[in-house]
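Trainee: I've got a new model open and I'd like to learn how to read it. Can we go through it together?

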Amino acid sequence: MKYSLCADIMFVAVGEKGPIWPDTDGIIEAMKLAKKNGLTGIEMFGLEGRDLERIAAASRELGIEIRACVSAGAALLGNPDKTEELVSLFEQSVPKAKQIGCSNLILNAEEYARNLSSDEVIKVMEDALKRLAVIAEKEDVTILVEPVTGGFFTSSKQAFGLIEKVGSKNVKLLYDIFHFQNIEGQITETIKKNLNLIGDIHGAGAPMRAELTVGELDYAFILNTVKELGYEGNFCLEFFTFENRDMKVEASCKVLPA
């Protein structure tokens, strides 16, 4: 298993009007923090407004891979009025992701069509993902669909069912342990049943999205189970902290299997 750090979540600040996401310097600081703690990668949110040349150079210099990033238009999955825009924005995101050595692009469906039934939204998602899969296969990148707390998906069965319907090796589920603990629990059993459909795993303490050592989840048990299943993909630390960042990352890394 490979380990990474979510740069945006780790270095977000809070302003008067909401979150202030890190700039290019913040992304590079996240790389340095990852390297300091023996992690080999980071993940990041959007690519717009960031100096991709500097990020790519820092990635090479530090030996830290950028394992996933959020595609422009990520939230539009599941909105039939926005599918064309989603496809266009995804096409524009792919070369930018490749510029920083990233081959995994995240879609989160946060702006799905609320006026449609669940079955109708799933069909919209399926059709859009099949179109996007053609692009992903041609460009040799992977689309990661990420269900989030309070979003469209209400069960892992529903989410994994969508991935199976799309039927492309370049479309996988991003299984975020924190979000799925809030959605339904049954973390290790769900991973066991669906390992072949998972393209990335995220984790944070639940229910407060803190470091891995805080909350109701036993990450040492979960991650050792995942390792024993033969998972060789990425696990990303994606928790909020506004103080003692170094200490919390270090403590979280102690529960990661070697």
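Mentor: Sure, we'll go from the overall fold down to one strand. Keep in mind that this is a predicted model.

Trainee: What does the secondary structure of the protein come to?

Mentor: Count the elements before anything else: there are 10 helices and 10 strands here. Then look at the overall spread: the radius of gyration is 17 Å, close to the 18 Å from the globule rule for 258 residues, so the protein is as compact as a globular protein of that length. Along the principal axes, the C-alpha atoms fill a box of roughly 45 × 40 × 40 Å.

Trainee: Which percentage of the 258 residues is buried?

Mentor: Buried means under 20% relative accessible area. Here 57% of the residues fall in that class. As for the accessible surface, about 11600 Å² in total, carbon and sulfur atoms hold 48% of it.

Trainee: How far apart are the mean positions of the positive and negative charges?

Mentor: You average each set of charges and compare the two points. With 28 positive and 39 negative charges, those points sit 3 Å apart.

Trainee: Now a single strand. Which strands pair with S4?

Mentor: Check the bridges and their sense. Strand S1 (residues 2-6) pairs with S4 in the parallel sense over three bridges, with Ser4 partnered to Gly41. Strand S5 (residues 65-70) also runs parallel to S4, joined by four bridges, and there Glu43 has Ala68 as its partner.

Trainee: And are the S4 residues buried or exposed?

Mentor: Look at both faces. Gly41 and Glu43 point one way, Ile42 and Met44 the other, and all are buried.

Definitions and conventions. Residues are numbered from 1 along each chain as its sequence is written. This is a predicted model: local features need pLDDT of at least 70, side-chain atom pairs count only at pLDDT 80 or more; totals for chains, interfaces and linings use all residues. Side-chain values use heavy atoms; hydrogens and water are left out. Helices (H or I, at least four residues) and strands (E, at least two) are DSSP runs, numbered from the N terminus. The radius of gyration is taken over C-alpha atoms; the globule rule is 2.2 Å times the number of residues to the power 0.38. Buried means under 20% relative accessible area, exposed over 50%, partly exposed in between (1.4 Å probe, protein chains only). Accessible areas come from the Shrake-Rupley method with a 1.4 Å probe; for residues, only the protein chains shown count as cover. Lys and Arg count as positive and Asp and Glu as negative; His and the chain ends are not counted. The place of a charge is taken as NZ of Lys, CZ of Arg, CG of Asp or CD of Glu. Two strands pair if DSSP finds at least two bridges between them.
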